[in-house]
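Subject: Handing over a structure, with notes

Dear colleague,

I am passing this structure on to you, and I would be grateful if you could open it beside this message. My notes come after it.

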Amino acid sequence: MAFVQFSQVSLAFGDRDILKNVSVNLASGTKAALTGANGSGKSTLIKIMAGLVPPDSGQRVAQKDARIAYLPQSGLTHRGCTLREEADKAFSFGYKLQEELDSIGDDLKAGNGNQKILLERHDAILTELEDSGWNRRSVMAEQVLLGLGFSRDDLERNCEEFSGGWQMRIALAKSLMVNPHILLLDEPTNYLDIEAREWLESFLNNFKGGFLLVSHDRYFLDHTINEVYELFGGDLHRYAGNFSHYEKVRETELETLIHEYEKQQAEIQHLEEFITRFGAKATKAAQAQERQKMLDKILENEIVIPESLKKIHFKFPPAPHSGRLVATLENITKSYDGEKNVLSNLDLLLENGDRLVVAGHNGAGKSTLLRILAGVDPDFSGSVRLGAGVAIGYFSQDNAERLKGSQSVLEEVESAAPLELIPKVRDMLGAFLFRGDDVFKSIDVLSGGEKSRVALLKLLLRPVNLLILDEPTNHLDMHSKDVLLEALQSFGGTVIFVSHDRGFIESLSTRVLELKDGAYRIFPGGYTYYMQRLEDEKNGIVPSAAEKSQEPQKNQAEAEEPSEGKRSWQEQKKFEAEKRKAEKLVSQIETDIEKVEAEKQEQEASMANPDVYSTGEKAKSVQKKIDELSKKLEELNAQWEEAALKLEEFN
C-alpha cells in the first residue's frame, strides 16, 4: 500500500507558527478534506506533503516509487503543443519505465548482470505499468479530458488558445491521468462547471489511491470524502465523517466558546461606540479613557475562533416595491455569428419573489440571457419589459474590471452603503474575506478575485428588487457563501442567477430555466426536483416533453386588451385619465412610504442614544413609536401593492 507519512512537522513564518508538530498519514483509500480559515496554512501544508516546501523540523516519508500528483490553486499554463500532446506528458513516468524495461530486456538478452534481479525488476515494472493504466493511456486521456468539459475538437487545439480557467482544467486532467497513488488537490473545483464537478466527484469516488483536497464546495465534499483534517492555530485535528458532520461536531465542541466570543464582541462594540462618540468631548474624556483601558485589556485576551464558525448575518436594504410581474421576456433570440442561435424564441415571466436559476452547459447562453435581462446586451431580437417599480442590480465577473482608484476597500464599500448599514460594513467585509488590515488595501492593488468580492458586496448594499447574479459565489469561501445564501433567502425581491455551486443552487432556487442547444425548458420546482426529473427522463420513467406549459400565463384581461390604435377618441381620453390617476396614486403612496421609513429609521437610531436606552420609560416610548410606524408601513405596502397592480393593467 502506497503512503506518504508526516511526523512532528513544524513550520514558522517569522514569529508566526504555521504548523506545530503536525502528524498525518495519507495512504491508498484515504478520502480526506483539509479545512481551516483563510491564511491558516492549508496550501503550505499541501506543498510540504507534495515535497515542494521543506519543513523547519519533522519528517516526511514517502514510499519508494509512490506517484504523488499535486494541483495548486492557480498559476499553471501550457503552451507549445496541442492539448492531446500536453495530456500525453502526464505519462512521462511510463515512458521512463518503458526505457528501463527495454534496457533490462537488452541486458537479459546479452546475459549481463544478475539475471534473477533483472527478471524481478522486469516483472515489477510490467506490474506497475499495468496498474497505472499505461497501456490504456490514450483512452484514459480522452475520458478525463472529455469528462472535464473539453470537446473532441479541442484535442487538436494548441494549448495557448485556452483561457486561464481552462489551463487549470488541463493541469487537473494531467494530475488525474497519472493515476497516482496519492492525489493532492488545492481547490480543484474553482474552474469547473456543475457537469465537470459531477464528473470529478464520480472519478474520486471510484479512485483507488488516496487523496487530500481543499475545497469551498460543501456539496462536493459531502459526496467525496469521509474524513476532515482541520488546521487551526498551527494544530491539525482529524474528524471522521463527511464535511457537514464535521461542521456539526465542531460547532458542538465550540458552542461555549462561540457564546463567550459573541458576548465579548458585543462588549467590544459597545466600548468602541462609546469611545468614538464621547472621546473628543472634554466632559466625557475621563470616562472614555477608562473605557479605552477596559477595551485594551479585553483585546489582550480576545477570543479567536475559526472564521467558518463566526455568526455573521447580513441583510439587504429593504427592496423597493414592485408589482407581481417583475419582467416579461418574449421571443428572445440571440446569435453571435448570424447562423447558430444561442437563444431561440425564449419566453419567460419573472414574478415577484422568484428565485430562478439558469442551468445549462458552458456556452448554452446562460450569461448571455442575464446580460440581455440586465440591459447590458442590446443586440438581440424580441422584447424585455420590466414591471412597475423594478430596480435592477446586476453582478458579473466583469464588474471587477471597472473597479479602480486609490481609495481603500473600506472607503469604497462605505461610499456605497446606506447610512444605517455603515456600522456593519466591517463585519460584512469580514464575511467577504477582507479581514484585519485587508480593509485598508487600495482598490488598485487588489487581485481580480478581491475586486470581484468588493463589486458583489457593493451591489448587495444597493436598494434593488431584482438581483441578476452571474456566478456570485466565485472567489468566496464556504463561510462567505453561507452568509450570502442566508441574505438571498431573506431578500424581499426577485433573484435570477447562474452558479456552479450545487449546494448553493439547491438551497436557493425555486424554479429552473434550462438552456440547451438554443432551446429552453422551465421547471416549476427547485434544482433537486430538476435533477430528479432529468434522471427520470434518462431512465424513461417520464417523457422528456417540454415544460413551457408550466409557465404562468397572462390573465384574460391582459390577453384581450385592445391596442391604443383601436380605441375611440373618447375611450382613449378616458384610458389616459385613469392611467394618470393610477400613476399619481402609486407616486403618492411611495412618498408616504419614504416618509414613514425615514421616521422609523430616525426612531431606531435614537435607541442608540444613551439618554434613551438608559431610561426605561423613554426606551419604552420610542419602541412603541417604532411598532406603530412598522404597522403603518405594512398598511402602506399593502395599499402600494394594490395600486401598482392596478397601474400594470395600463401598461
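What follows describes the confidence, the two sheets and the helix pairs.

This is a predicted model, in which local features need a pLDDT of at least 70 and side-chain atom pairs count only at pLDDT 80 or more, while totals for chains, interfaces and linings use all residues. Residues are numbered from 1 along each chain as its sequence is written, and side-chain values use heavy atoms, with hydrogens and water left out.

The pLDDT is the predictor's confidence in each residue, from 0 to 100; its average over the protein is 84, and 91% of the residues score at least 70. Among the elements, which are DSSP runs numbered from the N terminus (helices are H or I, at least four residues; strands are E, at least two), strand S16 (residues 494–498) has the highest mean pLDDT, 96, and helix H19 (residues 556–560) the lowest, 32. Over residues 545–567 the pLDDT is below 50, and this stretch has 30 contacts in the model beyond near neighbours in sequence, a contact being heavy atoms within 4.5 Å.

Strands of a sheet pair through backbone hydrogen bonds, either parallel or antiparallel. Here two strands count as paired if DSSP finds at least two bridges between them. One open sheet has six strands in the order S5-S6-S7-S3-S8-S9, with mixed pairing. Strand S5 (68–71) and strand S9 (235–240) stand at its edges with a single partner strand each, so one side of each is left without a neighbour in the sheet. From one strand to the next the twist averages 15°; for angles, axes are lines fitted to C-alpha atoms, for helices over the stretch in contact, and the values run from 0 to 180 degrees between N-to-C directions. Strand S3 (residues 31–35) pairs with strand S7 (residues 210–214) in the parallel sense over three bridges, and Ala32 has Leu212 in S7 as its bridge partner. Helix H6 (residues 164–177) lies across S5 and strand S6 (182–186), running at about 165° to S5.

H6 also meets helix H7 (residues 194–205): their axes come within 13 Å and cross at roughly 15°. The two are therefore roughly parallel to each other (angles under 35 degrees count as roughly parallel, over 145 as roughly antiparallel, 65 to 115 as roughly perpendicular and the rest as oblique). Their contact is made by Arg169, Leu172 and Leu176 of H6 and by Ala196, Trp199, Leu200 and Phe203 of H7.

A second helix pair consists of H10 (residues 255–278) and H11 (residues 285–300), whose axes come within 9 Å and cross at roughly 150°. That makes H10 roughly antiparallel to H11. Residues of this contact include Ile268 and Phe278 of H10 and Ala285 and Leu295 of H11.

Another open sheet has six strands in the order S14-S15-S16-S12-S17-S18, again with mixed pairing. Its edges are strand S14 (392–395) and strand S18 (519–523), each with a single partner strand, so one side of each is left without a neighbour in the sheet. Strand S17 (residues 511–516) and S18 pair in the antiparallel sense over five bridges, and Leu515 stands opposite Tyr520 in S18. Helix H15 (residues 448–460) packs on this sheet, touching S14 and S15, and its direction makes about 170° with that of S14.

With best wishes
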